[in-house]
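Trainee: Before we begin, I should like to ask on what grounds each term is applied.
Mentor: Please do; the model is shown below.

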Amino acid sequence: MPDSISSLPPRVLRVAVPSPLRRMFDYRPCREAPACGWQPGIRVRVPFGRRQVVGVVVECSERSDFPLEQLKPVECWLDAEPLPEDWLWLCRFTARYYQHSLGDTLHQAMPVLLRQGRPLAGRMRERWQALVEPGDDDPRLKRAPRQAELLAMLRQHPHGLPTQAIVAQGYSREQLSTLVEKRLAVREEIPLTAAEPATEQLLAEPALPLNREQAQALATIHERLDAFHPCLLHGVTGSGKTEVYLQLIEAVVARGRQALLLVPEIGLTPQTLARFRSRFRVPVVALHSGLTDNERLDAWEAVASGRAPIVIGTRSAIFTPLARPGAIIVDEEHDGSFKQQEGLRYHARDLAVARAKHHAIPLVLGSATPSLESLYHAERGNYRHLRLTRRASRHAPARLELVDLRGRPRQGGLIPPAIEAIRTTLAAGHQVLVFINRRGFAPTLACHACGWLADCDSCDARMTLHRQPPMLACHHCDKRRPVPDACPDCCSADLRPLGSGTERTEETLATLFPKVPVHRIDRDSTRRRDAFERTLAEVRRGEPCLLVGTQMLAKGHHLPHVTLVIVVNADAGLYASDFRALEHSAQLLTQVAGRAGRAAHPGRVLVQTLHTDDPHLRLLAEHGYDALASQLLAERRAAALPPFRFLALLRLESPREETSAALGREAAAMLREWLGEHAPDVSCLGPVPAPMERRQNRYHMQLLLSGGRRSQLHAACARLTAWLEASPEARRVRWSLDVDPQTLG
Ligand code: ADP
Ligand code: ZN
Ligand code: ZN
């Protein structure tokens with residue numbers, strides 16, 4: 001007899017529904033309770049406004065702030081057992097930390113099909129077993145030859161058969177159910193979590209013998225496999241970090257646990273996956289944007305049930321439930337793609353830290369150019385600092401050579417010494433990578449008669465000139481216009497492209513080096529994933545060629561035949577106003593440089609700049625990323641910026657400038673008064689217009705909160721969001737709160 005009959009159902013179910021509102025909604029239970037009884041983590045279908053939505057029970061209670069008889073009953077339950085507990089914990093943590101609605105967090109964190117109400121196969125697997133002895137010629141099956149056959153098949157498997165195997169033989173669920181009704185067979189449920197993967201023959205190919213630094217790093221990580229044990233694996237490009245991950249994962253899986261590896265958006269290439277899949281005999285589940293909804297649900301379920309011991313995924317994979325968590329690894333932990341920049345603005349690396357702590361398991365953050373946050377933690381001893389200084393191949397990473405752009409003629413953005421270096425490299429039979437941070441033909445179009453520039457009507461930005469196909473396009477709002485034949489202001493025909501983008505550099509190089517193939521790699525040329533892969537495959541064959549690309553090329557890809565890298569313009573990133581701009585450009589330059597000379601030949605990296613004596617750039621060029629990073633940390637300390645203080649950014653936008661500004665002023669006034677009494681450590685700056693104030697004809701304002709203590713900053717954020725939710729003026733303004741913003745843009 002089920003338990004739920006003996007214990008009364010709760011009177012009130014507190015349900016998180018997919019809504020931006022930061023509160024729960026109360027419902028009464030429906031008549032029939034799920035088999036496990038009402039519990040947090042069960043999805044329910046509920047009436048919400050005029051719609052029906054899928055929500056999640058987060059609490060069972062006897063009380064409500066509303067009269068019980070006014071509560072609507074839930075329509076039905078969708079899960080016979082609650083969604084995984086570690087997943088619920090993570091969603092609750094995320095919602096609290098990022099001050100986001102729990103309902104929306106849960107919604108974002110589950111696969112699309114679960115959001116739509118699709119049942120989860122569950123962590124139980126059905127098995128079917130014959131009940132009657134072999135040889136019986138049962139009268140109940142006289143007129144049902146297919147059922148008789150099915151029963152005969154079941155009899156051959158005294159331990160039972162899973163549904164899948166039976167359906168695969170052409171039988172239906174109905175036939176199975178009929179056998180059960182006739183008491184000829186039984187259905188039982190086996191918990192999938194019990195099915196630990198076979199680990200005797202874990203490896204499909206042997207692990208590489210580690211060098212001394214790798215061995216030391218691995219040994220340190222291994223010191224404590226059942227405690228929270230955060231490590232920063234700080235190793236130059238090509239120093240063998242991935243081999244360390246592989247061997248850590250091996251150890252984790254051998255103990256019957258699961259490993260989760262997060263990689264940046266563009267790091268999850270077929271080659272990366274192939275490297276893991278060829279090492280292990282056990283399933284390696286990949287979670288990326290190319291999966292169908294069904295595949296995603298299958299992957300989620302395989303990991304949640306514990307069947308798949310290894311998961312590799314991009315940002316959102318941090319929300320994969322793990323039945324037996326064993327280790328979390330974040331590769332290229334400094335990468336910007338780990339931060340979601342809209343809606344639920346979480347940082348997957350930071351959630352990985354929280355999650356590893358919660359599970360009490362090792363955490364490895366790997367990078368050649370760690371974020372200042374992680375370096376700071378390593379410096380303070382919060383993380384173990386593991387260094388790999390040697391490359392597995394013969395050559396040290398190339399030094400950056402600064403070349404002066406001032407007063408030199410440019411062709412497609414390139415000055416004569418750079419073009420000379422390309423010529424020499426190609427003549428030696430090697431490949432060249434030209435890195436340029438702008439796609440399109442030229443950053444904009446200008447009239448040489450009157451000075452007109454192609455501005456976007458909807459944004460405070462210039463439109464980029466494209467040639468393939470020809471158009472002016474705004475990279476901020478995606479607005480497009482035909483390229484004018486004459487200046488709209490003075491009718492002069494003297495319109496010229498201003499500056500260079502990937503297309504123009506590609507064109508120039510094709511003219512200068514007509515016999516060598518030029519491959520352009522940017523978002524426009526690689527809209528299709530296979531086009532990108534095909535180009536890379538051709539480049540790996542090693543014939544001399546030129547690669548022109550944006551930061552898509554900077555990371556992850558192994559390009560062994562590239563021995564010269566040219567950075568067309570280092571200044572754009574270095575002189576951006578954002579407080580992380582220098583950190584991010586230094587990471588990018590170092591990563592780009594890491595592409596050069598990975599195989600048999602040493603590499604050169606030429607960095608074109610107008611500011612060859614900029615102290616930061618010189619420090620980076622002469623002493624490398626680590627030296628610059630310590631300098632930047634000192635500057636952040638002096639400026640009271642992260643990681644020395646914590647930030648939260650309120651963004652406000654509306655079609656009228658005054659509407660967002662007025663709300664910003666009101667919010668700031670309210671908050672300043674409140675802070676004095678409740679959170680004196682937090683300061684509030686603004687409201688000020690965003691760096692690009694007008695975007696898509698909407699005006700953007702912002703308010704910056706800064707605090708030395710998380711608890712006070714969080715209290716202030718909670719106060720602010722509560723006030724905004726209650727404010728009638730705020731309904732006319734789109735607003736969002738970004739905790740730990742990556743940029744102040
Ligand atoms: P990272 O992840 O730090 O960029 P990888 O793990 O990809 O470095 O290693 C770079 C190259 O060196 C790869 O081709 C890898 O197979 C090789 N490698 C790594 N560790 C070893 C080792 N211990 N012995 C021999 N080769 C190694
Ligand atoms: Zn003009
Ligand atoms: Zn625009």
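**Ligand contacts and the sheet**

Mentor: A polar backbone atom of Gly240 lies 3.0 Å from an oxygen atom of ligand 1. The model is predicted: local features need pLDDT of at least 70 and side-chain atom pairs pLDDT 80 or more, while totals for chains, interfaces and linings use all residues. Residues are numbered from 1 along each chain as written, chains are lettered from A and ligands numbered from 1 in written order, and side-chain values use heavy atoms, without hydrogens and water.

Trainee: What makes the pair formed by Gly240 and ligand 1 a polar contact?
Mentor: A polar contact is a pair of N or O atoms within 3.5 Å; the Gly240 pair, at 3.0 Å, therefore qualifies. A backbone N or O atom of Gly238 is 2.9 Å from an oxygen atom of ligand 1, so that pair qualifies too.

Trainee: How do you know that β13 and β14 pair?
Mentor: Pairing requires that DSSP find at least two bridges between two strands (E runs of at least two residues). Strands β13 (residues 325–331) and β14 (residues 362–367) have four bridges, in the parallel sense, so they pair. Val364 in β14 is the bridge partner of Ile329.

Trainee: Which order do the strands of the open sheet follow?
Mentor: The seven strands run β11-β12-β10-β13-β14-β9-β15, with parallel pairing.

Trainee: Why are β11 and β15 at the edges?
Mentor: β11 (284–287) and β15 (384–388) each have a single partner strand, so one side of each lacks a neighbour in the sheet.

Conventions. A polar contact is a pair of N or O atoms within 3.5 Å; within protein, one must be able to donate a hydrogen and the other to accept it, and residues adjacent in sequence count only if both atoms are side-chain atoms.
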